[in-house]
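Colleague: I would like to go through this model with you, one point at a time. Please give the reasoning before each answer.

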Amino acid sequence: MDAAIFLEEYAKLKNAVPRVALINTKSENSAYTQYSISNRNVYICWGCEENEDSYYGYWLYTNKDAVDSSFAYNTEITYECVDVRRSYNIYYSQDLSDCRDMFLCLDCVGSSDCFGCVGLRQKQFQIFNVQYEKEDYHREVARLRDEWSDEERRRLIRENFLQLKEKTPHIYMHQINAEHCTGDYIYNSRNCIWSFDIRNCEDSQYIYNTFDIKDCQDCSYVKDGQLMYECVSAFGQNFNYCYVCWGGANLDFCELCFNCQDMIGCIGLRNKRFCILNKQYTEEEYRRVTSELKKNLCLAGIYQGKLPQIFWDG
């Protein structure tokens, strides 16, 4: 098949195949969630998996009672939080791990019962990084929480916190168990270049919001994958230029395909194999046609990133 013919037919297919409004599977009472898997009682969340009783979130994983939070993992009762992991009862905080009962805190690890603190490690009963006795702490925090309901007093509390934030040293990047990696928010990964918000990744570069992948490049919102290039929201192996393809292997230029294998230029298929432009082929025919087609696409520079506008149109 000639590259020009493939591109022409692919353009027609993109305009002809209906798209789903929401991508949501295995969820209960979570109708208004996008890119959602195995959630229960979740509302208006984007990129979420295995959450319960949570609302208005982005990139939430295994949380309960999370509201207005983003990049939260394994938490319970969070409100207005960003990048919080394995923590309980957290409010208005960012970059916390293994913490409990924290309010308006930043960059704290293994701490509990703190208000307006920055950069703490294994601390308890502190207010604006000042140590208190337990009874004095609870009495003062009750007063501050009461003042928080007043707009002017809340502004003053925030100013004190921002002043503390400016003068307290904090780490320039977030990495734990990372080897030969550059980027930020990298955990349990090795050999990942310019990568951000990743976990359990290896030998990859230019990736964002990815879990459990290996040998991938230029990918976002990808998990459980290997040998992927230029993919968004994909789970599988050996994908190139794919968007929202969950499960399967050996897909090129595919969109909204689920549990499929050995396909090129397909949109909106489920549990299919050996298809080109949504047309079924025998295995022998598929191998012969795609061998020629991929050579022609390479000559046209398509596999080198010279994608025509049709690939970017909705």
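**Questions on the predicted model**

Strand 3 (40–49) and strand 4 (52–61) each contribute at least two residues to the nonpolar patch. The model is a predicted one.

Colleague: About how much accessible area do the residues of that nonpolar patch have together?

Modeller: The patch lies on the surface and is formed by Leu-22, Tyr-32, Tyr-43, Ile-44, Tyr-55 and Tyr-56. Together their accessible area is about 580 Å².

Colleague: Is Tyr-55 buried, partly exposed or exposed?

Modeller: Tyr-55 sits in strand 4. Its relative accessible area is 33%. Buried means under 20% and exposed over 50%, so Tyr-55 counts as partly exposed.

Colleague: How many bridges join strand 19 to strand 20, and which residue of strand 20 is the bridge partner of Phe-239?

Modeller: Strand 19 and strand 20 run parallel, and six bridges join them. The partner of Phe-239 in strand 20 is Leu-251.

Colleague: Over how many bridges do strand 20 and strand 21 pair, and which residue of strand 21 is the bridge partner of Asp-252?

Modeller: Strand 20 pairs with strand 21 (residues 255–264) in the parallel sense, over seven bridges. For Asp-252, the bridge partner in strand 21 is Ile-264.

Colleague: Why is strand 20 described as largely enclosed by the rest of the structure?

Modeller: The description rests on a count of buried residues in strand 20, which has 10 residues. Strand 20 is largely enclosed because the number of them that are buried is seven.

Colleague: Where is Tyr-241, and is Tyr-241 buried or exposed?

Modeller: Tyr-241 belongs to the loop between strand 19 (202–240) and strand 20 (243–252). Leaving aside neighbours within four places in sequence, its contacts include Tyr-229, Cys-231, Phe-253, Ile-302 and Leu-307. The cut-off for buried is under 20%; Tyr-241 has 9% relative accessibility, so Tyr-241 is buried.

Colleague: How far apart in space are Tyr-241 and Ala-16, C-alpha to C-alpha?

Modeller: In sequence, Tyr-241 and Ala-16 are 225 residues apart. In space, their C-alpha atoms are 20 Å apart.

Colleague: Which strand holds Arg-85, and what is the relative accessible area of Arg-85?

Modeller: Arg-85 is in strand 8 (residues 82–85). Not counting residues up to four places away in sequence, Arg-85 touches several residues, among them Tyr-73, Leu-96, Asp-98, Tyr-187 and Arg-199. Arg-85 counts as buried because its relative accessible area is 9%.

Colleague: What is phi of Phe-128 near, and what is phi of Asn-200 near?

Modeller: Most residues other than glycine have a negative phi. Phe-128 is in the loop between strand 14 (124–127) and strand 15 (130–131), and Asn-200 is in the loop between strand 18 (195–199) and strand 19. Phe-128 is partly exposed at 22% relative accessible area, and Asn-200 is partly exposed at 37%. Both phi values are positive: near 50° for Phe-128 and near 55° for Asn-200.

Colleague: How far apart are the closest N and O atoms of Lys-223 and Glu-49?

Modeller: The structure holds 23 salt bridges, and one of them joins Lys-223 to Glu-49. Lys-223 is in strand 19 and Glu-49 in strand 3, so the pair ties together parts that are 174 residues apart in sequence. Lys-223 and Glu-49 are both buried. Their closest N and O atoms are 3.0 Å apart.

Colleague: Which residue of the salt bridge between Asp-252 and Lys-294 is buried, and which is partly exposed?

Modeller: The side chains of Asp-252 and Lys-294 meet at 3.7 Å, N to O. The pair links strand 20, which holds Asp-252, to helix 4 (residues 283–299), which holds Lys-294. At 4% relative accessibility the buried residue is Asp-252, and at 30% the partly exposed residue is Lys-294.

Colleague: Which residues are linked with Asp-262 and Arg-273 in a network of salt bridges?

Modeller: Asp-262 forms a salt bridge with Arg-273, with the closest N and O atoms 2.7 Å apart. Asp-262 is in strand 21 and Arg-273 in strand 22 (residues 273–276), 11 residues apart. Asp-262 is buried at 3% relative accessibility, whereas Arg-273 is partly exposed at 38%. The other residues linked in the network are Glu-283 and Arg-287.

Key
Residues are numbered from 1 along each chain as its sequence is written. This is a predicted model: local features need pLDDT of at least 70, side-chain atom pairs count only at pLDDT 80 or more; totals for chains, interfaces and linings use all residues. Side-chain values use heavy atoms; hydrogens and water are left out. Helices (H or I, at least four residues) and strands (E, at least two) are DSSP runs, numbered from the N terminus. Buried means under 20% relative accessible area, exposed over 50%, partly exposed in between (1.4 Å probe, protein chains only). Contact means heavy atoms within 4.5 Å. Two strands pair if DSSP finds at least two bridges between them. Patches are made of residues with over 30% relative accessible area and no salt bridge: like charges are joined within 9 Å, nonpolar side chains (Val, Leu, Ile, Met, Phe, Trp, Tyr) within 5 Å. Accessible areas come from the Shrake-Rupley method with a 1.4 Å probe; for residues, only the protein chains shown count as cover. A salt bridge is a side-chain nitrogen of Lys or Arg within 4 Å of a carboxyl oxygen of Asp or Glu.
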